Amino acid sequence: MVFGQVVVGPPGSGKTTYCNGMSQFLNLIGRKVAIVNLDPANDSLPYDCAVNIEDLVKLSDVMIEHSLGPNGGLIYCMDYLEKNIDWLEEKLKPLLKDHYLLFDFPGQVELFFLHSNAKNVIMKLIKKLSLRLTAVHLVDAHLCSDPGKYISALLLSLSTMLHLELPHINVLSKIDLIESYGKLAFNLDFYTDVQDLSYLQHSLDKDPHSAKYRKLTKELCEVIEHFSLVNFTTLDIQDKESVGNLVKLIDKTNGYIFAGIDASAVEFSKIAMGAPDWDYYRYPFFLFHMCYCSTFA
């Protein structure tokens, strides 16, 4: 049985940075990791990927040949990948024996709650290759500083959970930068546990631009609370303890911990017993990437 993660989230949430940091951490504790890049728009990869969708289809070629924009081109690429799923299966088969898989998906959110191509690709791989996958949905933590954006992030997270139908973990990424966006209106636990959202409405009422949507906001908050599915864990990808806590949570959701409890204990004892070489900035690109995402997210 093969385990892995499906990494999704809006643009700028840090998916590629996450895949790089997560792969380093997993290698550190003794797992062989293979990153599968399924984002045809990601042409500056900071990591070595075992499978790259650009070997099958290139977004730039699709946009030129079919006169499509970036979003339309990505939808076409996902549709093309679904129709050529045999190509991906053949690329993955040599990795199934001893690798842990990280799937790096595009950031266009419509792929994960409006269109079915990405979901169909995942479900076909699960069925044909017996994969045990957890969806890791990244949301930039700075959205907590704006009540309206936070509610939008909740809706996106809920929609993605319902659409993908996978074991699912929502993650507030870049949590180490959250203080740089100003003081939060509530304690961090309020945002991670998704507590009584009526308090957010009072904050929104103070904004003249948001006040006129008060009724709509109230209805949306009630939908989120009715499902009672969304909560968040936090992540600082540069902190090994933060990454380790997330890995333990993921291992529980996809069953990795139950497939080899003894092996899992040995893995994490490597972190507990010493200070491993956590060289997150192994490539100069990382520093630029983090600064870029923080500035333009």
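**View 1. Asp140, with a relative accessibility of 6%, is a buried residue (buried means under 20% relative accessible area, exposed over 50%, partly exposed in between, with a 1.4 Å probe and protein chains only).** Welcome to a predicted model, in which local features need pLDDT of at least 70 and side-chain atom pairs count only at pLDDT 80 or more, while totals for chains, interfaces and linings use all residues. Residues are numbered from 1 along each chain as its sequence is written, and side-chain values use heavy atoms, leaving out hydrogens and water. The partner of Asp140 here is Lys174: the two form a salt bridge with their closest N and O atoms 3.2 Å apart (a side-chain nitrogen of Lys or Arg within 4 Å of a carboxyl oxygen of Asp or Glu). Asp140 belongs to strand E5 and Lys174 to the loop between strand E6 (168-173) and helix H7 (188-193), so this pair ties together parts 34 residues apart in sequence. (Helices, H or I with at least four residues, and strands, E with at least two, are DSSP runs numbered from the N terminus.) Lys174 is buried as well, at 7% relative accessible area.

**View 2. Arg31 meets both an acid and a ring.** The side chains of Arg31 and Asp251 form a salt bridge at 2.6 Å, N to O. Arg31 sits in the loop between helix H1 (15-28) and E2, whereas Asp251 is part of helix H11 (residues 240-254), so the bridge ties together parts 220 residues apart in sequence. Both Arg31 and Asp251 are buried. The charged end of Arg31 also sits over the ring of Tyr256, 3.8 Å from its centre (the rule asks for NZ of Lys or CZ of Arg within 6 Å of the ring centre and within 35 degrees of the ring normal).

**View 3. Glu222 and Lys218 are joined by a salt bridge along helix H10.** Their side chains meet at 2.7 Å, N to O. Four residues, about one turn of the helix, separate the two within H10 (residues 214-227). Both ends are partly exposed: Glu222 has a relative accessible area of 36%, and Lys218 one of 34%. In total, the structure holds nine salt bridges.

**View 4. Tyr76 and Tyr80 form a stacked aromatic pair.** Their rings are 6.4 Å apart, centre to centre, with 15° between the planes (rings of Phe, Tyr and Trp, its six-membered ring, pair if their centres lie within 6.5 Å; planes under 30 degrees apart count as stacked, over 60 as edge-to-face and the rest as tilted). Both tyrosines lie in helix H3, about one turn from each other. Tyr76 is partly exposed at 29%, as is Tyr80 at 31%. By this rule there are nine aromatic pairs; elsewhere, Tyr150, Phe186, Phe190, Tyr191 and Tyr199 make up one aromatic cluster.

**View 5. Leu92 is among the best-connected members of the largest nonpolar core.** This core has 37 residues (buried Ala, Val, Leu, Ile, Met, Phe, Trp, Tyr and Cys joined through side-chain atoms within 4.5 Å). Those touching the most other members include Leu81, Leu88, Phe103 and Leu125. The elements giving two or more residues include strand E1 (2-8), helix H4 (85-92) and helix H5 (117-129). H5 provides the largest share, five residues. Beyond its neighbours within four places in sequence, Leu92 is in contact (heavy atoms within 4.5 Å) with Val36, Val51, Phe103, Leu125 and Leu129.
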